[in-house]
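User: I am new to reading structures. Please choose one part to look at closely, then show me how the rest can be read in the same way.

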Amino acid sequence: MFKHSFFFRYLSPYTGVLLMNVLLRTLSALFTVFLLLGIAPLLSILFNTPETTPAKESVSYDVENNLLSFMEEWVSTSMQTNGAYTTLAYVIAGILILYFFKNLFSYLGLYFFTPIRNGVLESLRNDLYRRLLILPISFYSFHRKGDLLSRLSNDIQEIDENILKQIQQVLIDFLLFIFMLGALFFISPPLTLAVLIILPFAGLLIGSFSRSLRKISPQLQILVGSLGAQTEESIQGLKTIKSFNTIPYSTFTYQALNAKMTKLRTIVCRRTDLSSPLSEFIGTISIVVLLILGGFFILHSAGIASANMSANFGAIKATAFISFLVTLTQIINPAKNLATAYYSLKRGKASVRRVKDILYAEEKILEKENALPIQSFEDSIEFKNMSFGYANTLENEKEPKEFCYVLKNINLRIKKGSFIALVGASGAGKSSLVDLIPRFYDCSEGEVLLDGHSIKDYKIEDIRALSAVVSQDTILFNDSILNNINLGITGVKRDDVIHAATAAYADDFIMETDHGYDSMIGDGGTKLSGGQRQRLSIARALLKDAPILILDEATSALDTISEKMVQDALQNLSKDRTIIAIAHRLSTIRSADEIVVLEKGCIVERGTHEELVAKQGVYYKLYGMS
């Protein structure tokens with residue numbers, strides 16, 4: 001069963017270290033119990049009560065037939081031979097040695113467990129980050145970025161605090177509890193049975209609180225993600241918030257979410273904190289009951305007992321009873337920690353579920369087992385009876401309400417070296433059509449062919465290596481200009497980057513920055529203008545040198561001067577390449593070999609600029625408005 005658990009794949013590489021940790025924790029727990037049992041001979045010396053007694057008839061729970069009796073006899077013999085002070089020194093030295101080894105093994109257990117804990121977190125973060133990159137773009141249509149970031153940070157932290165940290169604590173507490181319980185039975189089985197009668201009531205109370213906590217914790221994690229998402233959206237849309245004077249509304253929405261989260265956190269914290277005083281209260285009741293019973297058994301041991309009771313039943317010396325009480329007080333803390341850990345594990349399971357939602361999310365863009373490699377584009381791209389759409393499903397819905405088609409029955413062949421333009425109103429499906437070429441999405445019906453083979457037959461990395469995308473929304477990273485141009489391309493010389501930037505008309509403004517190609521461009525390229533960012537994107541595409549060039553409204557948001565420079569850069573980029581351009585400014589695609597007009601997901605017109613203007617149809621109207 002454990003092999004199929006979530007943590008098996010992360011803990012299995014550390015099996016040997018885990019076993020070593022268990023051994024060290026066991027030794028630490030054993031030395032703790034020996035340390036507690038060593039209190040009895042120390043008390044015997046202080047109270048000057050040791051005496052050698054003849055062996056009596058064996059009774060399993062008679063204190064004089066166990067280790068305590070042996071230690072008391074040793075103390076008695078040592079005091080007669082070496083004196084009380086020397087014997088006291090021996091006992092104290094023994095206790096110190098036991099205490100040293102107890103803490104030594106406890107530290108070594110932590111020492112070996114720390115790399116396991118941090119290694120599991122590292123692997124979790126790596127897998128989660130890689131999964132976020134692999135999942136299809138459609139996945140992000142149903143998830144807010146802030147919530148996903150919360151799962152990568154807050155939920156991973158929750159797993160660390162409430163599961164991994166508790167694993168190491170539970171191990172030592174469980175061993176201590178078992179060994180101390182064994183020590184209690186060793187000292188006095190009747191008194192220990194009395195303790196065990198009380199424990200089931202504690203389990204029932206703890207279980208009732210844990211069930212309510214299990215229901216609240218997932219709600220709390222969702223609210224944490226929602227707060228992160230709203231914060232990120234507010235920072236990104238700060239200009240819009242200020243220009244439309246929506247600061248009060250945004251603040252009110254945030255405060256409402258924050259208040260709800262605070263209320264839930266208060267409930268969770270109160271119920272979690274209740275486990276500690278509840279355990280202590282139960283422990284206090286146990287001690288009171290034991291004081292009553294222990295006093296009775298001590299008096300019975302001295303000869304004052306009921307005539308109807310067996311002569312040996314429950315007999316216990318005062319020093320042994322004190323050792324029992326000390327051990328009992330020490331067993332309360334591990335029991336309390338186990339109860340608290342139960343709460344923590346319930347909270348951690350909510351974070352595990354949120355992380356598993358990403359790690360086990362459906363990967364719709366899959367590569368075949370024996371996918372074909374492809375290194376070059378030789379003939380054509382063809383959309384054959386192709387339709388594309390998506391299920392209109394909310395994140396918390398199991399079944400889709402309906403299937404929405406974005407593209408319907410597309411038949412289009414793009415020959416190598418041709419210039420194809422896609423035009424149409426917003427929402428016509430232009431961007432969706434070009435996104436099918438690098439397999440950002442897969443078509444719902446029909447197929448997309450590359451050189452006569454379905455693109456699903458090829459390796460995904462090879463397919464994407466054949467195309468370069470220059471879009472209106474240029475994506476740059478908070479890194480140097482050099483690294484933004486040389487994105488994901490290995491073995492490229494600095495001179496190659498400079499050559500690509502020069503061809504993209506970007507070298508001039510790059511050299512005007514403080515550190516040239518090593519200048520940092522800020523988050524999303526905020527230190528650059530729109531035209532400069534676009535030219536860096538074109539330089540990136542030039543350096544990639546892909547045979548298929550996809551231009552997704554690359555100049556629509558630029559001013560006249562910037563557009564002219566970007567257009568010149570695109571002319572350099574388009575040489576000896578197959579170009580698929582999406583444009584709202586129809587003047588930029590008049591020279592296209594073929595213009596394809598889309599309307600409501602269907603091809604309604606196609607031809608050259610002159611042919612379409614002569615038809616005076618949809619394209620003619622669009623051209624007149626451009």
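Analyst:
**A close look at helix α5 and beyond**

At 40% relative accessibility, Thr-114 counts as partly exposed, where buried means under 20% relative accessible area, exposed over 50% and partly exposed in between, with a 1.4 Å probe and protein chains only. The model is predicted, so local features need a pLDDT of at least 70 and side-chain atom pairs a pLDDT of 80 or more, while totals for chains, interfaces and linings use all residues. Residues are numbered from 1 along each chain as its sequence is written, and side-chain values use heavy atoms, leaving out hydrogens and water.

Thr-114 sits in helix α5. Helices here are DSSP runs of H or I with at least four residues, strands are runs of E with at least two, and both are numbered from the N terminus. Follow the chain 50 residues from Thr-114 and you reach Leu-164; the C-alpha atoms of the two are separated by 9.8 Å.

Helix α5 also takes part in an aromatic pair. Rings of Phe, Tyr and Trp (its six-membered ring) pair if their centres lie within 6.5 Å; planes under 30 degrees apart are stacked, over 60 edge-to-face, and the rest tilted. The whole structure has eight such pairs. In one of them, the ring centres of Phe-31 and Phe-105 are 5.7 Å apart and the planes meet at 25°, so this pair is stacked. Phe-31 belongs to helix α2 (residues 15–37) and Phe-105 to helix α5 (residues 84–134), so the pair ties together parts 74 residues apart in sequence. Phe-31 and Phe-105 are each buried. Together with Phe-100 and Phe-101, Phe-31 and Phe-105 form one aromatic cluster.

Stay on helix α2 for a moment, where you can also find Leu-35. Leu-35 is buried at 15% relative accessibility. Its C-alpha atom is 9.7 Å from that of Thr-327, although the two residues are 292 apart along the chain.

What about helix α6? Residues 145–187 make up this helix, and Leu-148 is in it. With a relative accessible area of 4%, Leu-148 is buried. Leu-148 and Leu-132 lie 16 residues apart in sequence, and their C-alpha atoms are 8.6 Å apart in space.

Now try a strand. Glu-382 is part of strand β1 (residues 380–391) and is partly exposed, with a relative accessible area of 25%. The C-alpha atoms of Glu-382 and Leu-412 are separated by 5.7 Å, with their positions 30 residues apart along the chain. Strand β2 (residues 403–415) holds Asn-409, a residue other than glycine with a positive phi, near 50°. Asn-409 is exposed, at 53% relative accessible area.

Gln-616 is not a glycine either, and its phi is positive at about 55°. You will find Gln-616 in the loop between α18 (609–615) and α19 (618–625), and at 54% relative accessibility it counts as exposed.

How far apart are the end C-alpha atoms of helix α16? They are 21 Å apart, which agrees with the 21 Å that its 15 residues (530–544) should span at 1.5 Å a residue; the expected span is 1.5 Å times one less than the number of residues. Helix α16 is mostly covered, with twelve of its 15 residues buried. Among those buried residues are Gln-532, Arg-535, Leu-536, Ile-538 and Leu-542. After α16 comes Asp-545, with a positive phi near 55°.

Finally, look for cysteines. The structure holds zero disulfides, a disulfide being a pair of cysteine sulfur atoms within 2.5 Å. Cys-443 is buried at 10% relative accessible area, whereas Cys-602 is partly exposed at 26%.
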